[in-house]
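Biologist: I have a chain to learn about. Could you take me through it, one question at a time?

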Amino acid sequence: MPKKLTQNLIADVEAAVARSPNGISVSEIAAAFSKQASRRTIGRVLSRLVRKSRIEMRGETRAVRYFPRQPNQTDAPLTAPPPTLSAE
């Protein structure tokens, strides 16, 4: 019988990655969500989050770990801050 996926699975997986600043493997995430989704489904969710730049993937093949996304300069607001007025 297939497992019924929760509506918040993507958000829950992203939150699990966010709680792991040292990274987390797909096996660890799959174990945590074993009652809600299969390992394959968790892998698809992780791939989607990486594609959307919500999390970072580091490593190769079996050594892949997922990390919370680190903010960078491209995350800066697109609008410039208001100019400051000086009293002269």
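Modeller: Start with a definition. Buried means under 20% relative accessible area, exposed means over 50%, and partly exposed lies in between. Keep in mind that this is a predicted model.

Biologist: Then is glutamate 56 buried, partly exposed or exposed?

Modeller: Its relative accessible area is 24%. Buried needs under 20%, and exposed needs over 50%. So glutamate 56 is partly exposed.

Biologist: Which residue meets glutamate 56 in a salt bridge?

Modeller: Side chains of opposite charge can pair when their charged atoms come close. Here the N to O distance is 3.0 Å. The partner has 38% relative accessibility, so it counts as partly exposed. That partner is arginine 58.

Biologist: What pattern does the chain follow along the sequence?

Modeller: The chain has 3 helices and 2 strands. Read along the sequence, the pattern is α-α-α-β-β.

Biologist: Which residues touch the most other members of the largest nonpolar core?

Modeller: This core has 15 residues. Helix H1 (9-18) and helix H3 (39-51) each supply at least two of them. The residues that touch the most other members are Val13, Ile29, Ile42 and Leu46.

Biologist: Take leucine 46. Which residues is it in contact with, leaving aside neighbours within four places in sequence?

Modeller: Leucine 46 is one of the buried residues of H3. What covers the buried residues of H3 includes H1, helix H2 (26-32), strand E1 (55-58) and strand E2 (65-68). With those neighbours left aside, the contacts of leucine 46 are Val13, Val17, Val26, Ile29, Ile55 and Tyr66.

Biologist: Why do the buried residues of H3 line one face of the helix?

Modeller: An α-helix has 3.6 residues a turn, so residues three or four places apart point the same way. In H3, the buried residues are Thr41, Ile42, Val45, Leu46 and Leu49. Seen down the axis, they line one face because they fall within an arc of 140°.

Biologist: And which residues are exposed on the other side of H3?

Modeller: H3 has 13 residues and reaches 18 Å from its first C-alpha to its last. One side holds the buried residues just named. On the other side, the exposed ones are Arg40 and Arg51.

Biologist: Is alanine 31 buried or exposed?

Modeller: Alanine 31 lies in helix H2. Its C-alpha is separated by 9.9 Å from that of isoleucine 42. With 55% relative accessibility, alanine 31 counts as exposed.

Biologist: How far apart are the closest N and O atoms in the salt bridge of arginine 54 with glutamate 14?

Modeller: Arginine 54 sits in the loop between H3 and E1, and glutamate 14 sits in helix H1. They are 40 residues apart. Arginine 54 is partly exposed at 44%, whereas glutamate 14 is buried at 18%. Their closest N and O atoms are 3.0 Å apart.

Biologist: Which residue forms a salt bridge with arginine 65?

Modeller: Arginine 65 lies in strand E2 and its partner in helix H2, so the pair ties together parts 37 residues apart in sequence. The closest N and O atoms are 3.5 Å apart. The partner is glutamate 28.

Biologist: What share of the residues of the chain counts as buried?

Modeller: The chain has 88 residues. To count as buried, a residue needs under 20% relative accessible area. The share is 26%.

Methods: Residues are numbered from 1 along each chain as its sequence is written. This is a predicted model: local features need pLDDT of at least 70, side-chain atom pairs count only at pLDDT 80 or more; totals for chains, interfaces and linings use all residues. Side-chain values use heavy atoms; hydrogens and water are left out. A nonpolar core is a set of buried Ala, Val, Leu, Ile, Met, Phe, Trp, Tyr and Cys residues joined through side-chain atoms within 4.5 Å. Buried means under 20% relative accessible area, exposed over 50%, partly exposed in between (1.4 Å probe, protein chains only). Helices (H or I, at least four residues) and strands (E, at least two) are DSSP runs, numbered from the N terminus. Contact means heavy atoms within 4.5 Å. The expected span of a helix is 1.5 Å times one less than its number of residues. The arc is that of the directions from the helix axis to the C-beta atoms. A salt bridge is a side-chain nitrogen of Lys or Arg within 4 Å of a carboxyl oxygen of Asp or Glu.
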